Amino acid sequence: MKQLWIALKITIVLTILTGLAYPLIVTGLANVLFHNQASGSLIQADGRTVGSELIGQKFTRPEYFHGRPSAAGDGYDGLASGGSNLGPTNQKLAERVKADAAKFHAENPGYTGPVPADIVTASGSGLDPHISPEAADAQVARVVAARGMSVDAVRALVSQNTDGRQLGILGEPRVDVLKLNLALDRARK
């Protein structure tokens, strides 16, 4: 009975330390030191939350840049995060990519170059908010025509919203589609 009482006391103490105290301390420190990240890296526009820097959104209108296809639920559903798990030889994947490439060409008839791979392939999470600068460049003519802006003005906004490699060597340059589209809306005002 003595051993049972000791085990019970240890369980209670460790539950309080690891189940309550430690998570509260870590959460508190994260909110103080990294408030934006701890709050979900939310983006505000006109006093309201419009999205997160970390999760893509589905843009379909011609005056907006479009992101990568999403395999997460019905498009960028954080609750259904994950890839499609279709392999490179899977016929369904080949058909989806062909359909997405045809859709891209229909939406961007002035673009004659090769379709950027990231504009027809989903990311591993299905939530990627970024496209490559090449994918953004391929959409410039459509956005210019829909908004009536100059090519130089739109390209300047793409450049301003392009993040370089992390620490100068990690990853590839990328464009956050939501931030770029918000910059386009601000430029119109």
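**Stop 1: the largest pocket**

Start by colouring the lining of the largest pocket by residue class: you should get 10 nonpolar, 14 polar and seven charged residues. Keep in mind that you are looking at a predicted model. The pocket itself has a volume of about 550 Å³. Its lining is made of 31 residues, and the ones to select for the middle are R68, P69, S70, R96 and D100, the closest to its centre. Now highlight residues 91-107. That is helix α3, and it gives the largest share of this lining, with six residues.

**Stop 2: the second largest pocket**

Next, select R48, V50, Y64, L182 and D185. These lie nearest the centre of the second largest pocket, which has 15 lining residues. Its volume is about 370 Å³. Which elements each supply at least two residues of this lining? Show strand β2 (48-52) and helix α6 (177-188), and you have them. Of the lining, α6 provides the largest share, five residues. Try the class colouring here too: six residues are nonpolar, three are polar and six are charged.

**Stop 3: a closed space inside**

Rolling a probe the size of a water molecule over the atoms shows where empty space is left. How many cavities of 30 Å³ or more does a search of the whole structure find? Just one. About 40 Å³ of space lies in the largest cavity. To see what surrounds that space, select G56, Q57, F59, G67, Y76, D128, P129, V177 and L178, which line the largest cavity. By class, that makes five nonpolar residues, three polar ones and one charged one.

**Stop 4: N161**

Zoom in on N161, in the loop between α5 (151-160) and β4 (162-163). Is N161 buried or exposed? Its relative accessibility is 15%, so N161 counts as buried, given that the cut-off for buried is under 20%. Now bring up its partners. Leaving out neighbours within four places in sequence, N161 is in contact with R174, V175, D176, K179, L180 and A183.

**Stop 5: V151**

Move to V151, which sits in helix α5. With a relative accessible area of 36%, V151 is partly exposed. Which residues does V151 touch, apart from neighbours within four places in sequence? Select V140 and V144, and you will have both contacts on screen. If you draw a distance from V151 to V140, C-alpha to C-alpha, expect 7.1 Å, for two residues that are 11 apart in sequence.

**Stop 6: zoom out**

Finally, show the whole chain as a cartoon. You can count six helices and five strands. Walking from the N terminus, the elements come in the order α-α-β-β-α-β-α-α-β-β-α. The chain is more spread out than a compact globule, because its radius of gyration is 22 Å, well over the 16 Å that the globule rule gives for 189 residues. Turn the chain along its principal axes and picture a box around the C-alpha atoms: roughly 80 × 45 × 35 Å.

Then switch on the surface. The accessible surface comes to about 11900 Å², and 61% of that belongs to carbon and sulfur atoms. What share of the 189 residues counts as buried? The figure is 29%. As for who touches whom, take the contacts between residues at least 6 apart in sequence: 57% of these join residues at least 24 apart.

Note on methods. Residues numbered from 1 in each chain as written. Predicted model: local features only at pLDDT ≥ 70, side-chain atom pairs only at ≥ 80, totals over all residues. Heavy atoms only, no water. 1 Å grid on protein atoms, 1.4 Å probe; cavity = no way out; pocket = protein on both sides within 12 Å on 5 of 7 lines; lining within 4 Å. Points joined across faces, edges and corners; volume = space filled by probe spheres on them. Helix = DSSP H or I, 4+ residues; strand = E, 2+ residues; numbered from the N terminus. Nonpolar A, V, L, I, M, F, W, Y, C, P; charged D, E, K, R; others polar. Rg over C-alpha atoms; globule rule 2.2 N^0.38 Å. Buried < 20%, exposed > 50% of the residue type's maximum accessible area, 1.4 Å probe, protein only. Contact = heavy atoms within 4.5 Å. Areas by Shrake-Rupley, 256 points an atom, 1.4 Å probe, with all protein chains shown as cover.
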